[in-house]
Amino acid sequence: MKKVTLLVLAMALVLSPLFIESSGQQKTAEAGTNYSDVQPSQQDAIQRLSDQNIISGYPDGTFRPNQEVTRAEAVSMLGRVLGFSSSGSSFPDVDSNHYASGHIAGAVEEGIVAGYPDGTFRPTQTVSRAEMAIFLTRGFNLSDEGGEANFWDVYPGVMGASAITDVAEARIAAGYPDGSFKPTRGITRYEFVLFLDRTLHESERTSGNGQSGLQGMQATSAVVNAPAAGALNVRPYPGTDNTPIGRVTHGDEIDYYETIDNWALIDYNGEFGFVSLSYLRSANGSLAGKTIVVDPGHGGHDPGAGAFGIQEKDVVLDTGNYLRPMLEDAGANVIMTRSTDTFVTLNERANIANRQNADAFISIHANAAGSSAAHGTETYWDNSNASAGSQALAASIQRELVAELGTLDRGVKQAGFSVIRRSQMPSVLVELGFVTNQNEANRLNSSGFQQRAAEAITRGTINHFE
Ligand code: ZN
């Protein structure tokens, strides 16, 4: 049993492409720098580290520079530089005869590398750029000679963030022209050699940290749709646990280049900044450039119609709050006359729309009748102002509502309700259904119905403006 195990191990070592790295005496003579697969541009760094017996190639005469470096390989190279002389192994997946076992044990003792919480070391797992930065900063005292390194994908909470900043400021590893560092990307054997070479030889370090803004990145246009305060914070990195570097204003058109979680990367006066995606709307949706006032009827001490335990003011407020983000997704600037259970006068509702010089005014109501049999959907317009636009918008919304909700089509009607009579832009008042009809009351009270009503109003509005 013992013999078989040893034989298998010996075979594994012979077959291992890295066997030669574990036996220094085999390396120098023929391996030299004449690897069959090393490009001229890769030659210098590989030559220098070969001369110092830090690296070696494979028995077949290759170096495999573009193969991703493994944890065992990286630690083995570091071990040779730093002279680890430990032995044995405390990891179940690193046999004490493994070519890198002594270097792994030494690197763990020195606190340069650690195993995983499950007790393994995972020697064949490839190394990320962040791990490389951690290895180098823990193994060497890096001198900070460059400017301030600031990558948009490196910030508190990203693994290796401070180590990445250190290796970049020491001009050992540069970022990408688009301003990123790509910390989770793997690195090749050649790249690891290059970073190690720069660490050991200051004359080989880069002239800068490689950043040149957001070069080559595709921009998405958006319009700032700021919260009530009228401005939106620009953050140095995603999240709110940081100090804003500035603000953008409601209505500003901006370009963003990347999203991380719910945060959009922007260029803020030459700096990387992040703004919440929730407060951006499309600059090229079909309602881009349109200001639409959404007016949920009644509110506060005015409940509107009521029956079967539901109140009109609640149904129309919920529907309006569903409608808002849908219109915004289509690019509209949406103003709510109310978004909570508050009372707003009829005059003020129209005044809001007139002051904003809105492109459309949509008032949402639910109907009531003496007879519980009355049911269905109807949409009103008034002929005092922008009458042609009002009538067309009413027809467009009514068509989508009855198609979506399957309610009785009671038609498009003219009536001088105060809010649509006073509003100077195309203005409509929708009556979604009857709270006095048991079946419709139940439907009006469901969020599914309210959302579908909002979707129908959105489509009707888009169709009208297209
Ligand atoms: Zn009403």
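**Exercise 1. Place Gly 139 within the fold and characterise the helix that holds it.**

Solution. Gly 139 belongs to helix H6; helices (H or I, at least four residues) and strands (E, at least two) are DSSP runs, numbered from the N terminus. The model is predicted: local features need pLDDT of at least 70, side-chain atom pairs count only at pLDDT 80 or more, and totals for chains, interfaces and linings use all residues. Residues are numbered from 1 along each chain as its sequence is written, and side-chain values use heavy atoms, with hydrogens and water left out.

Step 1. Apart from neighbours within four places in sequence, Gly 139 is in contact with Leu 82 and Ile 112, where contact means heavy atoms within 4.5 Å.

Step 2. Arg 129, Ala 130, Glu 131, Met 132, Ala 133, Ile 134, Phe 135, Leu 136 and Gly 139 are the buried residues in H6. Buried means under 20% relative accessible area, exposed over 50%, and partly exposed in between (1.4 Å probe, protein chains only).

Step 3. Because nine of the eleven residues of H6 are buried, this helix is largely enclosed by the rest of the structure. Its buried residues pack against H4, H7 and H8.

Step 4. A separation completes the entry: the C-alpha atoms of Gly 139 and Val 224, 85 residues apart along the chain, are separated by 46 Å.

**Exercise 2. Describe the largest nonpolar core and the elements that give residues to it.**

Solution. A nonpolar core is a set of buried Ala, Val, Leu, Ile, Met, Phe, Trp, Tyr and Cys residues joined through side-chain atoms within 4.5 Å.

Step 1. The largest such core has 51 residues, of which Met 132, Leu 136, Phe 192 and Leu 196 touch the most other members. Two or more residues come from each of helix H3 (40–51), helix H4 (71–82), helix H5 (101–109), helix H6 (129–139), helix H7 (161–169) and helix H8 (189–200).

Step 2. A second, separate core of 37 residues includes Val 315, Val 435, Ala 453 and Ile 457.

Step 3. In soluble globular proteins, nonpolar side chains tend to be buried together.

**Exercise 3. Trace the contacts of Met 132, Ala 173 and Met 77.**

Solution. Step 1. Beyond four places in sequence, Met 132 is in contact with Val 127, Ala 173, Phe 181, Ile 187, Phe 192 and Phe 195.

Step 2. Ala 173 sits in the loop between H7 and H8 and is buried, with a relative accessible area of 0%. Not counting residues up to four places away, Ala 173 touches Met 132, Val 167, Ala 168, Phe 181, Phe 195 and Arg 198. From Ala 173 to Asn 437, 264 residues apart along the chain, the C-alpha separation is 71 Å.

Step 3. Met 77 lies in helix H4 and counts as buried at 0% relative accessibility. With residues up to four places away set aside, Met 77 touches Ile 54, Ile 55, Val 69, Phe 192, Val 193 and Leu 196. The C-alpha atoms of Met 77 and Val 193 are separated by 8.5 Å, although 116 residues apart along the chain.

**Exercise 4. State the phi values of Asn 269 and His 298, and whether each residue is buried or exposed.**

Solution. Step 1. Most residues other than glycine have a negative phi, and most peptide bonds are trans.

Step 2. Asn 269 has a positive phi near 50°. This residue is in the loop between strand S5 (263–268) and strand S6 (271–276), and is exposed, with a relative accessible area of 68%.

Step 3. His 298 also has a positive phi, near 60°. The loop between strand S8 (291–296) and strand S9 (306–307) holds His 298, which is buried, with a relative accessible area of 18%.

**Exercise 5. Summarise the overall dimensions and burial of the protein chain.**

Solution. Step 1. The protein chain has 14 helices and 15 strands.

Step 2. The radius of gyration is 34 Å, whereas a compact globule of 466 residues would have a value near 23 Å. This radius is taken over C-alpha atoms, and the globule rule is 2.2 Å times the number of residues to the power 0.38. Along its principal axes the C-alpha trace spans about 100 × 55 × 35 Å.

Step 3. Buried residues account for 51% of the 466 residues. Of the contacts between residues at least 6 apart in sequence, 74% join residues at least 24 apart.
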